[in-house]
Amino acid sequence: MLIEYRQRSVSLPTFEADLFGLVEAYKEALWMRLLLENFNIDVNSILIYEDNKSVISTAIGTEDHSTSKHIGFRKNFIQEITSTGSCFPFYIKSEYNIADMLTKPLARVCFIKLTEDIVKDQNYREESIDLGE
């Protein structure tokens, strides 16, 4: 028997996708913190750039979106890490978010601007490194 049904959505709603992304970023940041501490490098609070204000409000604890368990577990995780000060979500406008180049279809003008920002940042880093030569 063949049962056919229409899928409601191809991707997760924006809030859920951004929340899951923030959780993964927190996990990576915590791993990096432990690695650096093993080399006796002191690390302050790690800023995680996020362009979704609703996700930031959930991480800080001012907004509640825990309508289901899978969101609840992730929400509790990011709230706990944020409250300890290990990581903190920081709002960045989408127009300055370089990661959008990899995750969203962008208008040509926006894509060129972000590409130029990357090149400028790379040139700054190369100029600021003194090789002693």
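A residue counts as exposed when its relative accessible area is over 50%, and as buried when that area is under 20%. Keep those cut-offs in mind as you move through this predicted model.

**Stop one: the loop after α1.** Select Asn 40, which you will find in the loop between α1 and β1. Its relative accessibility is 72%, so Asn 40 counts as exposed. Now look at the backbone here: Asn 40 has a positive phi of about 60°, although this residue is not a glycine.

**Stop two: the largest pocket.** Next, turn to the largest pocket, with a volume of about 440 Å³. To find its middle, select Asp 18, Asp 51, Asn 97, Asp 100 and Thr 103, which lie nearest the centre among the 17 lining residues. Three elements each give two or more residues to this lining: α1 (14-38), β1 (46-50) and α4 (100-103). Which of them should you colour first? Try α1, since the largest share of the lining, six residues, comes from α1. If you then colour the lining of the largest pocket by residue type, you will see eight nonpolar, four polar and five charged residues.

**Stop three: two cysteines.** Select Cys 87 and then Cys 110. Is each one buried, partly exposed or exposed? Cys 87 has 0% relative accessibility and therefore counts as buried. Cys 110, with a relative accessible area of 23%, is partly exposed because that value falls between the two cut-offs. While you have cysteines on screen, there is no disulfide to look for: a search of the whole structure finds zero.

Conventions: Residues are numbered from 1 along each chain as its sequence is written. This is a predicted model: local features need pLDDT of at least 70, side-chain atom pairs count only at pLDDT 80 or more; totals for chains, interfaces and linings use all residues. Side-chain values use heavy atoms; hydrogens and water are left out. A disulfide is a pair of cysteine sulfur atoms within 2.5 Å. Buried means under 20% relative accessible area, exposed over 50%, partly exposed in between (1.4 Å probe, protein chains only). On a 1 Å grid over the protein atoms alone, a cavity is a set of points where a 1.4 Å probe fits but cannot get out, and a pocket is an open set with protein on both sides within 12 Å along at least five of seven lines; lining residues have an atom within 4 Å of a point. Grid points are joined across faces, edges and corners, and a volume is the space filled by probe spheres set on the points. Helices (H or I, at least four residues) and strands (E, at least two) are DSSP runs, numbered from the N terminus. Ala, Val, Leu, Ile, Met, Phe, Trp, Tyr, Cys and Pro count as nonpolar, Asp, Glu, Lys and Arg as charged, and the others, Gly among them, as polar.
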